[in-house]
Amino acid sequence: MSTSRVIDTLAVHRPRADPRRWWVLGVLSVALLTIVLNNSVLNVAMPTLVVKLGLSTTQLQWIVDAYSVVFAGLLLTAGALSDRLGRKRTTLSGLVLFGLGSALASFASGADLLITARCVMAVGAAFVMPGTLSVLVHVFPAEERQRAIAIWGAVSALGVAIGPVLGGLLVRTLGWSWVFLLNVPIVVAAVAVGLVVVPESRDPVGRRIDLPGALLAATAMCGTVFVIISASGPWTGRLTVVVLVVALAGGALVWWERRCPYPLVDLALLRDRRFVGSSLSNMLLVFGLAGVLFVLTQRLQFVLGFDALHAGLGVAPVALAVLVGAALSGRLARTAGSNGAVGIGMTLVAAGVLVIAWSTTYLPTLAGLLLMGVGFGFAMSPAADELMSAVPADRSGIGSAINDTMQELGFALGVAVVGTVLTQVYQAGLGPVPAVARESVGTALRVAGQDNSAALAHTARVDFQHGTEQGLTIGALVVFAGAVVGAVLLRGARPTS
């Protein structure tokens, strides 16, 4: 048979790419953008929430971490349901629930309702995220998949970029409630178009859902973050009970998954260096970013005197740098391998976090943001690609959920660890001050303004700066440890497309 005949035969039998695939990418990218905007916009609004709703640093942590913990706790279940029930159905249903939670959050008058609304949003987001990546695996052929994932990742970076600016603009002009109301029209548009263009796909095997495994995983992750947040206060009997529950849940999860005929996560994946290396790299990469975003918007406003809009503009360069890094990540991965891209990227992130930690003015902070952003862009796509490649294609929903779970767990732990260190250092340095001033730097500055106490304001700013230095230094060390882990465990891995 001639060469031309062979090529013609292969062309006939090659599966046709979905003609709607670029429209599908657009819808899924908008859905992803909505989820990312939710967190990046909120970061700029946090200082305003401290003042308007009288929140403490611990309450701020819970507003951020309650979302992340619920999200991370449900992602594996959502991914399994996505494979079983249909990825289109679960993604669009999750978007609707996310929009309803956003509307509820906009009416919050205190921490309790706001935390509850954030939990509702997290449930919706947990059903959105697995679909945004797993559907791409099915609608794009292998030769276009890397480009599609790069665009998907760039949209995520865009959300980080425009979120702080948009959040600052909304807080300054319309009020903090619009930080949440903004999600509603985006959700409506995404669902309307998604109903028409997104194809349905599911696991042809129709596996049962491992509900005991999902419950045990959620319990272990929620309890872990609760312990870390609570570590800033005195050790109590309740905290001891939670530690025991976490240990029991973690042990029971491993025991159950080894014996369950339809496990939530195949523990054999833990023997795959690509899976372990990419999972840990994803988690520790986001750990550093989350810690920086949690403290930096507060530092810019409370210590350096930026307003909300200018604080958002001040943070935005990190995401523009992510776009640059993401655009170059494919070339770097082809040259240095996935382990090289992840190792180099995470080392740059660690260096950027360290520069930000010890900066006292904006210019060195900007340099740190640019370092961190480029490094994040270098490492993000290769790590995600290696993780998805380690999971069978028919279980792409659970594979995407694992990727998202590790990122959200990293986000929650980053805020919890950096926030806890910050709180401990801040409170230890204040000395004898009114109790309310110990809750956060925002409340301390408000008390200082009411009492016309320049000394209290100066002390609060200095101690907040010291807390930031210590918290982010620990964050930088954690990210550098992730660079070593990624470089070692992903050694020999090459880009899959």
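The exercises below work through a predicted protein model, each with a task and a stepwise solution.

Residues are numbered from 1 along each chain as its sequence is written, and side-chain values use heavy atoms, with hydrogens and water left out. Because the model is predicted, local features need pLDDT of at least 70 and side-chain atom pairs count only at pLDDT 80 or more, while totals for chains, interfaces and linings use all residues.

**Exercise 1. Confidence**

Work out in which helix the confidence is lowest and in which it is highest.

Step 1. Start from the whole protein, whose mean pLDDT is 79, with 85% of its residues at 70 or more; pLDDT is the predictor's confidence in each residue, from 0 to 100.

Step 2. Turn to the helices, which, like strands, are DSSP runs numbered from the N terminus (helices H or I, at least four residues; strands E, at least two). Confidence is lowest in helix H1, residues 3-13, at a mean of 37, and highest in helix H4, residues 87-105, at 89.

Step 3. Look at the stretch around H1: over residues 1-15 the pLDDT is below 50, and beyond near neighbours in sequence this stretch has 2 contacts in the model, a contact being heavy atoms within 4.5 Å.

**Exercise 2. The overall fold**

Describe the secondary structure, the buried share and the accessible surface of the protein.

Step 1. The secondary structure comes to 17 helices and 0 strands.

Step 2. Of the 497 residues, 58% count as buried, where buried means under 20% relative accessible area, exposed means over 50%, and partly exposed lies in between (1.4 Å probe, protein chains only).

Step 3. The accessible surface comes to about 19400 Å², of which 68% belongs to carbon and sulfur atoms; such areas come from the Shrake-Rupley method with a 1.4 Å probe, and for residues only the protein chains shown count as cover.

Step 4. Among contacts with a separation of 6 or more, residues 24 or more positions apart account for 84%.

**Exercise 3. Helix H4 and a residue of H2**

Check the span of H4 against its number of residues, and then find which residues threonine 34 contacts.

Step 1. The expected span of a helix is 1.5 Å times one less than its number of residues, so the 19 residues of H4 should span 27 Å, and its end C-alpha atoms are indeed 27 Å apart.

Step 2. The buried residues of H4 include Leu92, Leu95, Phe98 and Ala105.

Step 3. Threonine 34 is found in helix H2, residues 21-53, and counts as buried because its relative accessibility is 0%.

Step 4. Leaving aside neighbours within four places in sequence, threonine 34 is in contact with Phe98, Asn183, Ile186 and Val187; Phe98 is also one of the buried residues of H4.

**Exercise 4. Three residues of helix H17**

Decide whether aspartate 463, phenylalanine 480 and glycine 486 are buried or partly exposed, and list what they touch.

Step 1. Aspartate 463 is in H17 and is buried, since its relative accessible area is 9%. Apart from neighbours within four places in sequence, aspartate 463 contacts Val425, Tyr426, Gly429 and Leu430.

Step 2. Phenylalanine 480 also lies in H17, which covers residues 454-489, and is partly exposed because its relative accessible area is 42%. With the same exclusion of neighbours within four places, phenylalanine 480 is in contact with Thr347 and Ala350, and its C-alpha atom is separated by 5.6 Å from that of threonine 347, 133 residues apart along the chain.

Step 3. Glycine 486 is in H17 and, at 0% relative accessibility, counts as buried. Not counting residues up to four places away in sequence, glycine 486 touches Ser281, Asn339 and Val342, while glycine 343, 143 residues apart in sequence, is 5.8 Å apart from glycine 486, C-alpha to C-alpha.

**Exercise 5. A surface patch**

Find which residues join phenylalanine 480 in a nonpolar patch.

Step 1. Patches are made of residues with over 30% relative accessible area and no salt bridge; like charges are joined within 9 Å, and nonpolar side chains (Val, Leu, Ile, Met, Phe, Trp, Tyr) within 5 Å. A salt bridge is a side-chain nitrogen of Lys or Arg within 4 Å of a carboxyl oxygen of Asp or Glu.

Step 2. Phe480, Val484 and Val488 form such a patch on the surface, with about 240 Å² of accessible area together.

Step 3. An α-helix has 3.6 residues a turn, so residues three or four places apart point the same way.
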